[in-house]
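Colleague: I've got this one open and I'd like a close look at how the helices pack against one another. Take it slowly, and bring in whatever sits around them.

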Amino acid sequence: MTGAGPVVTTSWDDGHPTDLRLAELLDRLGLAGTFYVPVRNPERPVCPPREIRQLGQRFEIGAHTISHRRLVGLDASEMHAEIAGGREVLEDLLGRQVTAFCYPGGKFSRRVRTEVERAGFVVARTTMGFRHDWAVDRLLLPTSVQAFPHPVGTHVRHALKEGNWSGAGNCLIYAAVPRRDWARVAVRLLGEAVRKHGWWHLWGHSWEIEALDAWDDLASVLREAAASGARPVTNTELGSLVE
């Protein structure tokens, strides 16, 4: 545990071309972001190398495997190729070390975590939610809120399945709001994180923000984060604060 808070971080998965619009918003507000980019993604487009370099000039770029495959169930050689290979491609592209990793689909296991640690990552982000405390594993880093209107029951089921007991409890406390209002939940958790000198971590996908036409909601939440007095950090910087 640490007393380094309060801090705020954001992270954005899949390297979609709409990440550039999101990056402009973060930049205007002076917030940090970590963009997790797979080398390729059969599910949707990925930014071309020029745009990844552009993102990397201002923000942290994290690895998200070679091909966005779920890692649980892969054999050792496939898993290593996805984890280490994705990192190597990004490091060659950016000309610097890549220290953050994100588990595709939020799927992880003890075996997958071991391989991520062996690859030398400082931090590895999950999709576990509703956390703001320092009692965390930096290679199974949870989040606070996803920028997406999941129903409360979905959040609780995922938290229980992942053994995220604290997150399940917080979900019942903070997410009991109407209309699956993720923005309101995010602001409530932000206030709690600042009050307790913890951390606040908003994550999502720019392509979902675009599909939902949720840019105004996102901007409102990020303005609250920028005005909160909490220090903006990257995911790697957050992980380095965890003992």
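Modeller: One cut-off before we start: two axes count as roughly perpendicular when the angle between them is 65 to 115 degrees. Bear in mind, too, that this is a predicted model.

Take α2 and α3. Their axes cross at roughly 75° and come within 10 Å of each other, so the two helices are roughly perpendicular. On the α2 side (residues 49-56), the contact uses P49, I52, R53 and G56, and α3 answers with L90, L93 and L94. By class, that makes 5 nonpolar residues, 1 polar and 1 charged.

Now follow α3 to its next partner. Helix α3 covers residues 76-94 and α4 residues 110-118, and they pack at about 50° with axes 10 Å apart. That angle makes the pair oblique, therefore, rather than anything more regular. Seen as a crossing, α3 passes α4 in a right-handed way. From α3 the contact takes A76, M79, H80 and I83, while α4 puts in R111, V112, E115 and V116. The split for this contact is 5 nonpolar, 1 polar and 2 charged. As for the spacing you see in those lists, residues three or four places apart point the same way, because an α-helix has 3.6 residues a turn.

Then there's α7 with α9. Here the angle is about 5° and the axes are again 10 Å apart, so these two run roughly parallel. The α7 residues involved are W182, A183, A186, V187 and L190, and those of α9 are D217, L218, V221, E224 and A225. This contact has 8 nonpolar residues and 2 charged ones, with no polar residue.

What does the interior look like around all this? The largest nonpolar core holds 55 residues, and F35, F101, V116, W200, L202 and L218 touch the most other members. Helix α7, residues 182-195, gives the most to it, with 7 residues. Two of those well-connected members have come up already: V116 is in the α4 side of the contact with α3, and L218 is in the α9 side of the contact with α7. For a close-up, pick F101. Beyond its sequence neighbours, F101 touches Y36, A63, T65, L71, I83, V116, F121, V123, A124 and R125. Both I83 and V116 in that list take part in the α3 and α4 contact. Apart from the largest core lies another, of 13 residues, with V123, W199, V233 and L241 among them.

Next, α1, residues 19-29. Its D19, L20, L22, A23, L25 and L26 are buried. Those buried residues pack against two strands, β1 (7-13) and β2 (34-37), and three helices, α2, α8 (206-212) and α9. Straight after α1 comes G30, with a positive phi near 70°.

The loop from α1 to β2 is worth a stop, and A32 is the residue to click on there. With a relative accessible area of 13%, A32 is buried. Leaving out residues up to four places away, A32 touches T10, L26, F59, P232, V233 and T234. In that list, L26 is one of the buried residues of α1. Between A32 and S11 there are 8.6 Å, C-alpha to C-alpha, although they are 21 residues apart in sequence. On the other side of the A32 contact, T234 is in the loop between β8 (231-232) and α10 (235-241). T234 counts as buried at 16% relative accessibility, and the residues it contacts beyond its neighbours are T9, A32, T34 and E60.

Last, look at the loops either side of those first elements. D14 is in the loop between β1 and α1 and counts as buried, at 2% relative accessibility. Its phi is near 90°, positive even though D14 isn't a glycine. V46 is in the loop between β2 and α2. V46 is 32 residues from D14 in sequence, yet their C-alphas are 6.9 Å apart. Further contacts of V46 include G15, P17, V37, P38 and V39.

Methods. Residues are numbered from 1 along each chain as its sequence is written. This is a predicted model: local features need pLDDT of at least 70, side-chain atom pairs count only at pLDDT 80 or more; totals for chains, interfaces and linings use all residues. Side-chain values use heavy atoms; hydrogens and water are left out. A nonpolar core is a set of buried Ala, Val, Leu, Ile, Met, Phe, Trp, Tyr and Cys residues joined through side-chain atoms within 4.5 Å. Buried means under 20% relative accessible area, exposed over 50%, partly exposed in between (1.4 Å probe, protein chains only). Helices (H or I, at least four residues) and strands (E, at least two) are DSSP runs, numbered from the N terminus. Contact means heavy atoms within 4.5 Å. Axes are lines fitted to C-alpha atoms, for helices over the stretch in contact, and angles run from 0 to 180 degrees between N-to-C directions. Angles under 35 degrees count as roughly parallel, over 145 as roughly antiparallel, 65 to 115 as roughly perpendicular and the rest as oblique. A crossing is left-handed if the near helix is turned anticlockwise from the far one by less than a right angle, and right-handed if clockwise. Ala, Val, Leu, Ile, Met, Phe, Trp, Tyr, Cys and Pro count as nonpolar, Asp, Glu, Lys and Arg as charged, and the others, Gly among them, as polar.
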